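Let us walk through a protein and the DNA beside it. Keep the picture open as you read.

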Amino acid sequence: MSEAITLIQQVFESLERHYGYYQWWPCDDHYEIMLGAILVQNTNWRNAEQALLNLGKPLDPKLIASLSLEELAQAIRSSGYYNQKAKRLKALTEWFAGFEYRIDALRAMEQAELRKQLLAINGIGGETADVILVYAVGKPSFVIDAYARRIFERVGLDVPKSYEAFRGLVEQAITPDTQRYAHYHGLMVDHGQQFCNPTPKCDACPLNRLCALGRTNTCK
DNA sequence: ATCCAGGCTGAGG
DNA sequence: CCTCAGCATGGA
């Protein structure tokens, strides 16, 4: 068992002990989660959520398909990058139409193949694909994000540069389990927002002990 | 006013 | 393979 694997496990165990379990993604509609994954790209959830609300509830993929690019862009204005995101929502929805908007059809696919197809959609990169896999489809693919990078760098892990390498390492440390992966990504974000912003707040950080325990405490 | 948030793409080294 | 400008709003 390598040092890195052990450290990763210790971090998640600490966070889990400190914060406990809770449902993190704030909705359970599969399609809405998919759109939310795109709308929240490099944007805070408040702004993304307002965009979702503007698209109406219940969210209907056929409605999105019927809107013009301009109409869609205006509706999601609050999420930022609205011109790009409008195209991305369209691309994702067109792809989903190929499955008759049935989430079951996605669940029936092999995970690696589904992930590959998601990555082929314009506007869906590693993190967005994994969010869709875990929260919308229910496949155990670990979501890596900016907070995961910061948190692990600050406890002294030699974080792999590429998204795929980092994800591979974490998945090696944490046995694949959809509920657990969903929970752990939420912990990364929520903990990160409190303590691991660009300017860290190390006082009262539940990972203090690990940082001190870890070789290089780079939390500055 | 400046900084940043639950990234991705395409162009260029 | 890698880096990086560009994309844009709203809240602190």
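Which phosphate oxygen lies 3.0 Å from a polar side-chain atom of Arg150? It belongs to DNA strand B. Keep in mind that this is a predicted model.

Thr128 repeats the pattern. One of its polar side-chain atoms also sits 3.0 Å from a phosphate oxygen of DNA strand B. Asn42 uses its backbone instead. There, an N or O atom lies 3.2 Å from a sugar or linking oxygen of DNA strand B. Now look at the elements around this strand. Helix H9 (126-137), helix H10 (146-154) and helix H12 (178-195) are the ones that give two or more residues to the surface near DNA strand B.

Step back and take in the whole surface. In total, 25 residues surround DNA strand B. The closest are Trp24, Trp25, Tyr147, Gln193 and Pro198. Which parts of the strand do they meet? Of the atoms of DNA strand B that come within 4 Å of the protein, 63% are in sugar and phosphate. Sort the residues of this surface by type, and you get 11 nonpolar, 10 polar and 4 charged.

Now turn to DNA strand C. Around it you find Asn42, Arg46, Asn47, Arg77, Ser78, Gly80, Tyr81, Tyr82, Asn83 and Gln84. Asn42 is a residue you have already met, through its backbone contact with DNA strand B. By type, the surface near DNA strand C holds 2 nonpolar, 6 polar and 2 charged residues.

How much of the strand's side of this surface is sugar or phosphate? For the atoms of DNA strand C within 4 Å of the protein, the share is 55%, and the rest belong to bases. Two side chains show contacts with bases. In Tyr81, a side-chain N or O atom is 2.2 Å from a base nitrogen of DNA strand C. In Gln84, a polar side-chain atom lies 2.7 Å from a base oxygen of that strand. Tyr82 meets the phosphate instead: one of its backbone N or O atoms is 3.5 Å from a phosphate oxygen of DNA strand C.

Which helices take part here? Helix H3 (45-54) and helix H6 (82-97) each supply at least two residues of the surface near DNA strand C. H6 gives the most, with 3 residues.

Finish with one residue, Ser14. Find it in helix H1 (residues 3-19). Is Ser14 buried or exposed? Its relative accessibility is 14%, so Ser14 counts as buried, because the cut-off for buried is under 20%. Leaving aside residues up to four places away in sequence, Ser14 touches Leu207 and Leu210.

Key. Residues numbered from 1 in each chain as written. Chains lettered and ligands numbered in written order. Predicted model: local features only at pLDDT ≥ 70, side-chain atom pairs only at ≥ 80, totals over all residues. Heavy atoms only, no water. Near = heavy atom within 4 Å. Polar contact = N/O pair within 3.5 Å; in protein donor to acceptor, adjacent residues only side chain to side chain. Helix = DSSP H or I, 4+ residues; strand = E, 2+ residues; numbered from the N terminus. Nonpolar A, V, L, I, M, F, W, Y, C, P; charged D, E, K, R; others polar. Buried < 20%, exposed > 50% of the residue type's maximum accessible area, 1.4 Å probe, protein only. Contact = heavy atoms within 4.5 Å.
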